[in-house]
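User: Please examine the structure shown below and answer some questions on helix packing and enclosed space.

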Amino acid sequence: MILPVSLPGHSYDIVIEKGSLKKAGELLNIKGKALVVTDSGVPKSYAETLLAQLENAVLFTFPQGEENKNVNTLLSICEKLLSENFTRSDCVIALGGGVTGDMAGFASAIYMRGIDFYNIPTTLLSQVDSSVGGKTAVDFEKAKNLLGAFHQPKKVIIDPELLSTLSERQISNGFAEAVKISVTNDKELFEIFENGQAKEKLEEVIYRAVKAKRDVVEQDEKETSLRRVLNFGHTLGHAIESSAGLDTLLHGECVALGMIPMCSDNIRERVKNALHSVGLKTQYDYDKEKVKEFLKHDKKASGKNVCIVRSDEIGTFRFENVSLSELEKML
């Protein structure tokens with residue numbers, strides 16, 4: 001199935017199809033050179049399958065892990081583009097999870113002031129969330145995604161078959177972002193989680209989560225208003241993630257924790273049950289003082305206030321400006 005994304009001056013397709021990696025060459029139809037960016041955790045066969053379909057491609061592989069989502073790796077990608085004489089008529093293809101997509105996208109956004117970018121996400125988290133919407137970034141000074149740019153892809157290819165190599169924990173990690181958008185934007189999707197059917201209806205979960213995010217991005221590409229709803233659970237979640245350390249919690253696990261205080265008493269237990277249904281924890285003994293320190297660097301802060309997203313009923317949301325002290329109380 002194809003989900004078209006329509007933005008001012010930039011429209012592209014999101015292809016969701018089993019086995020689509022095997023025909024990526026046809027779907028992408030790239031004329032110039034391509035730098036395929038992947039990480040050491042992605043099965044080599046995925047890169048081999050892609051490279052075999054491209055006439056003029058170069059592979060760049062970096063070490064797996066959030067700790068490598070930094071300026072040094074970003075510069076290494078740019079150095080590779082330069083050493084291989086890439087021009088504005090060439091492109092970058094991300095083949096990996098959210099870390100890969102963020103860095104490859106950011107490199108393509110800044111190299112020669114912007115070259116074409118394609119995304120082939122290989123994790124559930126990146127398929128349902130980070131591959132869609134054009135946000136690219138690297139972590140900086142222990143703060144998540146502090147340096148980045150909006151750079152929309154030319155096309156996104158989502159192949160559910162690529163998820164077969166993921167661990168149960170990584171699958172749960174990805175489901176967290178789908179639960180997030182279901183709470184605020186899609187009551188029917190939430191019911192799939194609530195009824196414990198997420199794994200058996202995986203393709204529907206992917207499609208509905210991507211469609212919901214696409215609908216938001218089309219109305220607010222640069223996060224000036226509506227797109228802030230996608231930050232549900234992220235204000236506290238990012239702070240917990242940064243304070244916990246890279247080897248302790250995954251991004252989706254932190255988002256799951258972060259969305260619980262943002263739910264009304266009326267729905268909080270339902271949301272916790274939905275998270276439990278896909279193997280996500282709803283309690284964690286974190287260092288509150290460390291979390292408070294990272295909250296001060298939240299990108300959504302404006303002056304002394306932070307805009308948070310709350311949900312009072314499943315499928316609905318509202319924005320609220322709160323002070324840092326009020327936000328700390330929510331911990």
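Analyst: In this predicted model, Phe175, Ala178, Val179, Ile181, Ser182, Val183 and Asn185 of α6 are in contact with Lys187, Leu189, Phe190 and Phe193 of α7.

User: How do the residues of the contact of α6 with α7 divide into nonpolar, polar and charged?

Analyst: The α6 side of the contact includes Phe175 and Ser182, and the α7 side includes Lys187. Sorted by class, the contact comprises one charged residue, two polar residues and eight nonpolar residues.

User: Are α6 and α7 parallel, antiparallel, perpendicular or oblique to each other?

Analyst: Helix α6 spans residues 168-185 and helix α7 spans residues 187-194; their axes lie 7 Å apart at an angle of about 130 degrees. Angles of 65 to 115 degrees count as roughly perpendicular and those over 145 as roughly antiparallel. The crossing of α6 past α7 is left-handed. The two helices, α6 and α7, are therefore oblique.

User: Which elements give two or more residues to the lining of the second largest cavity?

Analyst: There are two cavities of 30 Å³ or more in the structure, and the second largest holds about 50 Å³ of space. Its lining consists of Gly101, Asp102, Phe117, Asn119, Ser130, Ser131, Gly134, Lys135, Thr136, His151 and Pro153. The elements that give two or more residues are α4 (98-110), β6 (116-121) and β7 (135-140).

User: How many residues of that lining are nonpolar, polar and charged?

Analyst: Asp and Lys count as charged, and Phe and Pro as nonpolar. Asp102, Lys135, Phe117 and Pro153 are among the lining residues. The lining of the second largest cavity thus divides into two charged, two nonpolar and seven polar residues.

Technical notes: Residues numbered from 1 in each chain as written. Predicted model: local features only at pLDDT ≥ 70, side-chain atom pairs only at ≥ 80, totals over all residues. Heavy atoms only, no water. 1 Å grid on protein atoms, 1.4 Å probe; cavity = no way out; pocket = protein on both sides within 12 Å on 5 of 7 lines; lining within 4 Å. Points joined across faces, edges and corners; volume = space filled by probe spheres on them. Helix = DSSP H or I, 4+ residues; strand = E, 2+ residues; numbered from the N terminus. Axes fitted to C-alpha atoms, helices over the stretch in contact; angles between N-to-C directions. Parallel < 35°, antiparallel > 145°, perpendicular 65-115°, else oblique. Left-handed = near helix turned anticlockwise from the far one by under 90°. Contact = heavy atoms within 4.5 Å.
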